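Trainee: I've got the model open and a list of things to ask. Mind if we go through it together?
Mentor: Sure, fire away.

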Amino acid sequence: MKLLVTGGAGFIGSNFIHFMRREHPSYELINVDLLTYAGNLDNLIGVQDSTRYRFVAADIAEQSAMEPLFREGVDAVINFAAESHVDRSIKDPGIFVRTNISGTQTLLDLARKYKVQKFLQISTDEVYGTLGVEGLFSENSPLAPNSPYSASKAGADLLVRAYHETFRLPINITRCSNNYGPYQFPEKLIPLMINHALANKPLPVYGDGLNVRDWLYVEDHCSAIDLVLHHGRDGEVYNVGGNNERTNLHVVRTILSELGRPEALITYVEDRLGHDRRYAIDAGKIRDELGWNPKFDYESGIRKTIQWYLDNSTWMERIATGAYRQHE
Ligand code: NAD
């Protein structure tokens, strides 16, 4: 198979490329990524020299840059490319609409024109909005996004769905909960807190710290995507969740305790605007239909993650100094 992976220099996309190299070494992978601040070619050390892997620096919203890749023939598109940080979407929503909605639409048009066998859209549980203390998001939960980020992802999901309904494009959408693991850009909760704890700097926690997320170890997400890519029923949405609900405060306390740092480093800061209180996923459909199960619980996943950041301090330093952007 020949796969076009977009956003493969980001956190989940790069983990997916490593995963697919291991699981399907005969597959050909094209990684197209604009290398925004979130794109990091250091994440791909180890695969870069493979003859079955190619990197193309380009914008998914630029039809003229994308078309030659489709013209050479790809079997499937896995669309990870996105602006992904909620706080940035509150400051500057426009780029989220451009990449997440227009970029997806550009890819959909080309997937249709060149008859790709599968268009797999990587979406988020945030499209469902927020939950109270009870309940879980199912694939049938109404879309009720609360941030410009989640609204742009919901907009993309609706277009993907529409290309299936209108043009019979073979699509799937996966909606996953919060991922964590290696190669996550240190603006996101877990690597940010690890970084601050290691430097003995205050750990900024939004509001009362009691917002709940369902934590999914990134490798488990990759195995879910692999299954949907090969066995997902056309037109279907699959939720992917780790069944690991934890408050942000709990996560921060785990990191401090694993790193032997005092809880006094926790500093409460003004809450994020429109901050969703709780996300939780019912992953029954992907489990029952495709036999997916996460391998990592929160305790094993977080320990593995902390150890990875301890073992890869150079990766983190190159982000801190900006050196990670200086690729030829
Ligand atoms: P990320 O920000 O780490 O990576 C995004 C990548 O997309 C970067 O490499 C960036 O350079 C690239 N990119 C941005 N704009 C582009 C453009 N116009 N053209 C080509 N490439 C572009 O994000 P991530 O955390 O790896 O998330 C990947 C996908 O998964 C996103 O679609 C996101 O919405 C979704 N998702 C992420 C999480 C999570 O917890 N990280 C949870 C649910 C869903």
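Trainee: How many helices and strands does the secondary structure of the protein chain come to?
Mentor: Keep in mind that this is a predicted model. Going by the secondary structure of the protein chain, the tally is eleven helices and 13 strands.

Trainee: And what radius of gyration does the protein chain have, set against the globule rule?
Mentor: For 328 residues the globule rule gives 20 Å, and the chain comes close to that, so it is as compact as a globular protein of that length. Along the principal axes, the C-alpha trace spans about 55 × 45 × 40 Å. The radius of gyration itself is 19 Å.

Trainee: What share of the residues in the protein chain is buried?
Mentor: Start with the outside: the chain exposes about 13,700 Å², and carbon and sulfur atoms supply 49% of that. Then count residues under the 20% cut-off for relative accessible area. Out of 328 residues, the buried share is 57%.

Trainee: Of the contacts with a separation of 6 or more, what percentage joins residues 24 or more positions apart?
Mentor: One example of such a pair is Lys-188 and Ser-84, which touch each other and sit 104 residues apart along the chain. Over the protein chain, the figure for contacts of that kind is 82%.

Trainee: On to the ligand. Which residues around the ligand come nearest?
Mentor: There are 28 residues around the ligand to choose from. By type, they divide into 14 nonpolar, eleven polar and three charged. The ones that come nearest are Ile-12, Asp-33, Ser-84, Tyr-149 and Lys-153.

Trainee: Which element gives the most to the shell around the ligand?
Mentor: Helix 1 (11-23), strand 5 (118-124) and helix 5 (148-167) each supply at least two residues of that shell. With three residues, the top contributor is strand 5.

Trainee: How far is a backbone N or O atom of Ile-12 from an oxygen atom of the ligand?
Mentor: Look at the backbone around there. Phe-11 has a backbone N or O atom 3.0 Å from a ligand oxygen, and a polar backbone atom of Phe-80 is also 3.0 Å from an oxygen of the ligand. For Ile-12, that distance is 2.8 Å.

Trainee: How much of the ligand's accessible area does the protein cover?
Mentor: Taken on its own, the ligand has 830 Å² of accessible area. The part covered by the protein is 97%.

Trainee: Now some oddities. Arg-168 isn't a glycine, so what is its phi?
Mentor: Find Arg-168 in the loop between helix 5 and strand 6 (171-176). Its relative accessible area is 53%, which makes it exposed, given the cut-off of over 50%. Its phi is positive, at about 60°.

Trainee: Tyr-183 has a positive phi near 70° too. Is Tyr-183 buried or exposed?
Mentor: Tyr-183 is in the loop between strand 7 (179-180) and helix 6 (189-198). Its relative accessible area is 15%, and anything under 20% counts as buried. So the verdict for Tyr-183 is buried.

Trainee: Which residues does His-18 touch, leaving out those up to four places away in sequence?
Mentor: His-18 is found in helix 1, and at 15% relative accessibility it counts as buried. With sequence neighbours set aside, its partners are Asn-43, Leu-44, Ile-45, Val-47 and Tyr-183.

Trainee: What relative accessible area does Asn-43 have?
Mentor: Asn-43 lies in the loop between strand 2 (28-33) and strand 3 (53-57). Beyond its sequence neighbours, it is in contact with Ala-9, Gly-10, Phe-11, Ser-14, His-18, Tyr-183 and Trp-315. Asn-43 is buried, with a relative accessible area of 1%.

Trainee: Last one: what distance separates the C-alpha atoms of Pro-145 and Asp-276?
Mentor: Pro-145 sits in the loop between strand 5 and helix 5 and is partly exposed, at 27% relative accessible area. Its contacts outside the sequence neighbourhood include Glu-126, Val-127 and Gly-129. Pro-145 and Asp-276 are 131 residues apart along the chain, yet their C-alpha separation is 9.4 Å.

How values were computed:
Residues are numbered from 1 along each chain as its sequence is written. This is a predicted model: local features need pLDDT of at least 70, side-chain atom pairs count only at pLDDT 80 or more; totals for chains, interfaces and linings use all residues. Side-chain values use heavy atoms; hydrogens and water are left out. A residue is near a molecule or strand if one of its heavy atoms lies within 4 Å of it. A polar contact is a pair of N or O atoms within 3.5 Å; within protein, one must be able to donate a hydrogen and the other to accept it, and residues adjacent in sequence count only if both atoms are side-chain atoms. Accessible areas come from the Shrake-Rupley method with a 1.4 Å probe; for residues, only the protein chains shown count as cover. Helices (H or I, at least four residues) and strands (E, at least two) are DSSP runs, numbered from the N terminus. Ala, Val, Leu, Ile, Met, Phe, Trp, Tyr, Cys and Pro count as nonpolar, Asp, Glu, Lys and Arg as charged, and the others, Gly among them, as polar. The radius of gyration is taken over C-alpha atoms; the globule rule is 2.2 Å times the number of residues to the power 0.38. Buried means under 20% relative accessible area, exposed over 50%, partly exposed in between (1.4 Å probe, protein chains only). Contact means heavy atoms within 4.5 Å.
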